[in-house]
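Me: I've got a protein model open and want to talk it through. Can you take my questions one at a time?

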Amino acid sequence: MRPASDWLRAAAAEGLLPADTRLATDEAGQHRPWPVLLLIACGAWIAALPLLGLLLALVGYAWLDRGPGSYLVGTVLLVGGVLALRRRDLPVFVEQLVLPLLLLGAGLLAFAAFRDLPGRLAALPLLVLTLVLARWLERPWLRVLLGASAAGLTGFLLLPLEWRHSIADLIRFLFFWLTPQLLLGLWAAALTWQQRHALAGPWLRWAAPLEQFAAGWLLACLAALCAMSGMSFLVGGFAGGQGGTGSLLLAIGSALTRSEMLAPLLLHGCSLALALAAAWLLWRRWPGCRRPMLLGLAAALAALAFLLPGLGATLFALALLATTQRWRLAAAAGVAAAWIIGGFYYQLDWTLGQKALLLVGLGALLGLLAWLARRPAEAAARPDPAPGAARWLLGGGALLVLAVANGAIWQKETLIRDGRPVFVSLAPVDPRSLMQGDFMRLNFALPGRLEGEELLRLPGAQRPLLAARLDPRGVATGMRLQAPGQPLAEGELLLELTPKDGRWVLVSDAWFFEEGQAAAFEAAKFGEFRVLPDGRALLVGMADSSLHPIRP
């Protein structure tokens, strides 16, 4: 196999690459493993922090906060960093040591610009500075970061800076949602120009910088589309978040008057048009996509794009990246599309049942298309995937899952049957979880000392216990933390705590119920438990102020 240097020399001889093109190497002329580079970079950043602190102490915060000090120091640091990073033989340690100084210089200039100029006038010279730095800094990863910064500054220039109740609300709302699409349009135009003009002739030297800069620009646009679509259901279920920017923009949209409801229709129509443009692009450039199954898939995605304003632009970017074989960026666009589809769970204008029916219908359609696309001859020639012992393993695994599930159910039923009824007062909060129906966020009246280190020093997997007395009605009162081995007083019982999100709760911090029953549970004042003598408890329902169980 020919070495890479021979390929570069041949490409330069044919005029495909500049004559001075060569492989990027470190100061020793050899490539280093990425773990070594990572350790060197971490050491350089750790060494740079005291230098930055010393620099700020020598200059003085007051001089930087007011007057021309920020401009002077920022310019010196920025110019010095650019000159240092333009050296090809710069050691990795020195490169990473210079980078914080470069970032500090750019930050000081940005601070001074926004301090002394209105928002748009401050963003414009910073955008020009970003473009200049992308031209002069030859590090590919720096150009990616500068491309993302340029996209953010351009979006800031396009977005309305204020929101007033007037006829112009429609235009402002549209720009809030269409700004990432406009930025993606600029990216697609630059990519098209690069393919037609920058791969040959005098513009050849601009091809690589434009590619790196556009990659950062695209990633920033995809991140903005994900943020505006709200929290995705998988991440929301793991992290406990629900809304985000998407909920804010949905609230802004719902505040529009009836005469201005054309805005959401335009947004959904724009998303649908971009999804159809993505399908057309794939149909034109990839003959293999001209199949009924893929046309059905395009129709399903177009239907989702009409419901989700950010999906159409993401699908168009994905199609353009796939047809130009930019697979890493295409993977990022695919993740963004999955995120936006996951955000459909948190749209407040759809009920859980409606969303479930829609997704089930689309899933059934895709399954039908996949089944129709299978060739009977290939299916007949395919070997049995689970012969002999494999079938026994699958069957045994299914029986084990059933045994574990039914064992857990039997334990809960035993606790409900044999447990002692106990009521604990609570202060509920009622947010909505559109992924799992409606629920009440519970906050039981527990002792305030449940985050101390003594709870973390219990031996083994032992959980902390509370001791409580029951009044004549069965309400737990006088709760206290029970020390290990400490005997219970007469009339007390144990309540076991459960870890949840880095804290201790009594069984659970939420009570789920069917959608549409929130009004009935607004009267909840107590949580109803079944408790065994060893402290194991189960939350079985809610009760009102008279301890009557709430049964909608």
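What follows is a short back-and-forth about this predicted model.

Me: What share of the residues counts as buried?
Reply: The chain has 552 residues, and its secondary structure comes to 19 helices and eleven strands. Buried here means under 20% relative accessible area. By that cut-off, the buried share of the protein is 36%.

Me: How much of the exposed area do carbon and sulfur atoms supply?
Reply: Start from the total: the protein exposes about 31,600 Å². The part of that area coming from carbon and sulfur atoms is 68%.

Me: Which strands stand at the edges of the sheet β1-β10-β11, and why?
Reply: The sheet is open, with three strands in antiparallel pairing, in the order β1-β10-β11. An edge strand has a single partner, so one of its sides is left without a neighbour in the sheet. That fits β1 (420–425) and β11 (537–543).

Me: Which residue in β10 stands opposite arginine 420?
Reply: Strand β10 covers residues 526–531 and pairs with β1 in the antiparallel sense over six bridges. Across from arginine 420, β10 places valine 531.

Me: How is α7 oriented to α9: roughly parallel, roughly perpendicular or oblique?
Reply: Helix α7 (residues 140–158) packs on helix α9 (residues 207–228) with the axes 6 Å apart and an angle of about 50 degrees. Roughly parallel needs under 35 degrees and roughly perpendicular needs 65 to 115. So α7 is, relative to α9, oblique.

Me: What is the handedness of the crossing of α7 and α9?
Reply: The residues that meet there include Gly147 and Ala151 in α7, and Gly216 and Trp217 in α9. The crossing of these two helices is right-handed.

Notes:
Residues numbered from 1 in each chain as written. Predicted model: local features only at pLDDT ≥ 70, side-chain atom pairs only at ≥ 80, totals over all residues. Heavy atoms only, no water. Helix = DSSP H or I, 4+ residues; strand = E, 2+ residues; numbered from the N terminus. Buried < 20%, exposed > 50% of the residue type's maximum accessible area, 1.4 Å probe, protein only. Areas by Shrake-Rupley, 256 points an atom, 1.4 Å probe, with all protein chains shown as cover. Pairing = 2+ DSSP bridges. Axes fitted to C-alpha atoms, helices over the stretch in contact; angles between N-to-C directions. Parallel < 35°, antiparallel > 145°, perpendicular 65-115°, else oblique. Left-handed = near helix turned anticlockwise from the far one by under 90°. Contact = heavy atoms within 4.5 Å.
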